[in-house]
Amino acid sequence: MSDRIDVAKTYKLFVGGAFPRSESGRTYQVTDSSGKFLANAAQASRKDGRDAVAAARKGFGGWASATAYNRGQVVYRVAEMLEGRRAQFAALLHDTEGTEESAAKNTVDAAVDRLVHFAGWTDKIAAVFGSSNPVAGPYFSFSTPEPTGVVAALAPQNDSLLGLVSVIAPIICSGNSVVLIASETRPLPAITLAEVFATSDLPGGVVNILTGSPAEIMPWLASHADVNALDLTGATGDQRIEWEAAAAGTVKRVYSPTGTDFSAAPGTGRMRAFLETKTVWHPTGAVSLSGGGSY
């Protein structure tokens, strides 16, 4: 009996909760650390980027208006689904990146823990970052954090699972939606994680994942009028300068950390980077009394 022929998988994009091919029809080869062919990945185009932004905008409204408790449940469900596929992701990291088996399992565990961590933050964001403000007058004023909107993010190029999760989770836990460009050379954990998102309770459009060349797609996302913020975690120095300048034309928020250690405690910086603050003023009972009411 002859040996079987390997059936190489051709991965697709993840846009609006579906898995479309690139409209360009292009793919590129993904290899392991020794150069051995592993699979084909879709090479997204400018048009795919625009479609992903439209899907993210469509998904944003319902996700932002969902209760914080509900968002926490959904993100926790994503963690549950990843935990259920722990062996697959550990094998993926081992096979594609040469990570030792024990280290690969530890990385998957850390990614699950990171999702649980941010799931717990969803209903605490308003309490920690909101405030009741002192006002000298017959009014009271309070400030509450709100999501920024659609965030375009570039995943870290060398931390393909824990770094990836550490970028996505803080963006969506506060109600934002995201268009993420995966690591160009290590895209398989990202598009496999897309299968986890698709089979969890996450609404379509909240997370959208593109694969291909960041240099080709990101400039269009940086200047796109319907993108509200950028996360340039995976960008090089020259790319940061170029894309920050492109974002200035539409007054986007830009988060551009360097040298992040994703194994360290995540802190709150990534969440705060994509929060707006809404302040509301309201008259107190003193106004009614001064007007002769019986308040």
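A crossing of two helices counts as right-handed if the near helix is turned clockwise from the far one by less than a right angle, and as left-handed if it is turned anticlockwise. The exercises below use a predicted model.

**Exercise 1. Describe how helix H3 packs on helix H4.**

Step 1. Locate the helices. H3 spans residues 86-97 and H4 spans residues 101-121.

Step 2. Set up the description. Two packed helices are described by the angle between their axes and the distance between the axes. For H3 and H4 the angle is about 130°, and the axes lie 8 Å apart.

Step 3. Classify the angle. Angles of 65 to 115 degrees count as roughly perpendicular, and those over 145 as roughly antiparallel. H3 is therefore oblique to H4.

Step 4. Give the hand. The crossing of H3 and H4 is right-handed.

Step 5. List the contact. H3 contributes Arg86, Phe89, Ala90, Leu93 and His94. From H4 come Glu101, Ala104, Lys105, Thr107, Val108 and Asp109.

Step 6. Sort these residues by character. The contact of H3 with H4 holds 5 nonpolar, 2 polar and 4 charged residues.

**Exercise 2. Work out the strand order and pairing of the sheet that contains E3, E4 and E10.**

Step 1. Read the order. The sheet is open, has 3 strands and runs E3-E4-E10, with antiparallel pairing.

Step 2. Find the edges. Strand E3 (131-133) and strand E10 (275-283) each pair on one side only.

Step 3. Add the twist. From one strand to the next, it averages 25°.

Step 4. Examine E3 with E4. Strand E4 covers residues 139-147, and 3 bridges join E3 to E4. The two strands form a hairpin with 5 residues between them. Ser132 stands opposite Phe142 in E4. Asn133 faces Ser141 in E4.

Step 5. Examine E4 with E10. These strands pair in the antiparallel sense over 9 bridges. One opposed pair is Pro147 and Leu275, the latter in E10.

**Exercise 3. Characterise the hairpin of E1 and E2.**

Step 1. Place the strands. E1 covers residues 27-31, and E2 covers residues 37-42.

Step 2. State the pairing. The strands run antiparallel and are joined by 5 bridges. Tyr28 stands opposite Ala41 in E2.

Step 3. Inspect the turn. The hairpin has 5 residues between its strands. Gly35 in this turn has a positive phi of about 90°.

**Exercise 4. Explain why strands E7 and E9 each have one side without a neighbour in the sheet.**

Step 1. Write the order. An open sheet of 5 strands runs E7-E6-E5-E8-E9, and its pairing is parallel.

Step 2. Look at the ends of that order. Strand E7 (207-210) and strand E9 (253-255) are at the edges with a single partner strand each, so one side of each is left without a neighbour in the sheet.

Step 3. Give the turn between strands. Neighbouring strands of this sheet are turned by 15° against each other on average, direction ignored.

Step 4. Check one edge pair. Strand E8 (residues 229-231) runs parallel to E9, and 3 bridges join them. Leu230 has Val254 in E9 as its bridge partner.

**Exercise 5. Summarise the region annotated in UniProt as "domain: Aldehyde dehydrogenase".**

Step 1. Set the limits. The annotation, from an unreviewed UniProt entry, covers residues 23-255.

Step 2. Give the make-up. Over residues 23-255 the chain is 52% helix and 18% strand.

Step 3. Give the span. The end C-alpha atoms of residues 23-255 are 29 Å apart.

Notes: Residues are numbered from 1 along each chain as its sequence is written. This is a predicted model: local features need pLDDT of at least 70, side-chain atom pairs count only at pLDDT 80 or more; totals for chains, interfaces and linings use all residues. Side-chain values use heavy atoms; hydrogens and water are left out. Two strands pair if DSSP finds at least two bridges between them. Helices (H or I, at least four residues) and strands (E, at least two) are DSSP runs, numbered from the N terminus. Axes are lines fitted to C-alpha atoms, for helices over the stretch in contact, and angles run from 0 to 180 degrees between N-to-C directions. Angles under 35 degrees count as roughly parallel, over 145 as roughly antiparallel, 65 to 115 as roughly perpendicular and the rest as oblique. Contact means heavy atoms within 4.5 Å. Ala, Val, Leu, Ile, Met, Phe, Trp, Tyr, Cys and Pro count as nonpolar, Asp, Glu, Lys and Arg as charged, and the others, Gly among them, as polar. UniProt positions are given in the numbering used here, feature names are shortened, and annotations may be inferred rather than shown by experiment.
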